[in-house]
Amino acid sequence: ATPSLIDLIHNVTKEVPYPGTSQTLRENWNGFVGVLGSGSDYTAFLHHYGIPAVSLEFNGPYGVYHSVYDSMHWMESFGDPTFDFYVTLAQTFGLIGMRLADYKIIAFDFVKYGDALSTYQSEAEYLAEKYQMDLNFDTLTTAISNFAASAAVVNTEIENAIASGDYNKQLNDRLLYTERYFIGLGLPQRPYYKHVVQAPGLYQGYAPQIFPGITQAIQNDNASVAQAQIQLTSFFINKAANFLQTGSG
């Protein structure tokens, strides 16, 4: 999921029962929310237009993927014979949708987003070190710090709005549209993918890549492009931070 949805997902799964137990889904899940790559309908919405997205699934032994045995017979016989896990996913998706639609203040958490950006930077710096590439990440550090500061200010606004019980359209618009300010000029070699924070990897199939412009340039051993992508990524993170706090891009 996009990081702004992590807190909502955690809260919803505390309310959904886990099949065959008296526990909740959250009690049977480690809480990890991964980065979105590709391979599903959210691709265009998130990676091209900057619309927040979530993908939910259960995992387990599954040796029939894309084979002739990948069928309803397999599901009815082995995968989920009682379809209890289908129900659980429907309940989870449904409750997420209801809370997003019904809450007076949109249930996005950009503090978590700021934390995720910091983690992604650490991963990018580690990759640069691994490739023995000397890059300057100062502008990215500053941009992420600015975003985290804006998120903290807005989090206080959210708490005050919830306490008052008022609907705040101006605040909701900022929460709703901030993700779109991560949409950049298009990634090198694949301009359709415009999100500077995540994209499917160029050579990774459906798997995600964080800070894809930076990461791919490092993997291509192209320091000048990597440095330029650091500057571009920082620019759009700063734009998102400014819009989140002020409503102005």
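How much surface does the protein chain expose, and what share of it do carbon and sulfur atoms supply? The exposed area comes to about 13,100 Å², of which carbon and sulfur atoms supply 54%, with areas calculated by the Shrake-Rupley method using a 1.4 Å probe.

This is a predicted model, in which local features need pLDDT of at least 70 and side-chain atom pairs count only at pLDDT 80 or more, while totals for chains, interfaces and linings use all residues. Residues are numbered from 1 along each chain as its sequence is written, and side-chain values use heavy atoms, with hydrogens and water left out.

The protein chain holds nine helices and two strands, where helices (H or I, at least four residues) and strands (E, at least two) are DSSP runs numbered from the N terminus. Along the sequence these elements follow the order α-α-α-α-α-α-α-β-β-α-α.

| Property of the protein chain | Value |
|---|---|
| Box filled by the C-alpha atoms, along the principal axes | roughly 55 × 50 × 25 Å |
| Buried share of the 249 residues | 41% |
| Share joining residues at least 24 apart, among contacts between residues at least 6 apart in sequence | 66% |

Here buried means under 20% relative accessible area (1.4 Å probe, protein chains only), and a contact means heavy atoms within 4.5 Å.

One residue of helix α9 (residues 223–246) is Ser234, which is buried, with a relative accessible area of 3%. Leaving aside residues up to four places away in sequence, Ser234 touches Thr139, Leu140 and Ala143.

Key. Buried means under 20% relative accessible area, exposed over 50%, partly exposed in between (1.4 Å probe, protein chains only).
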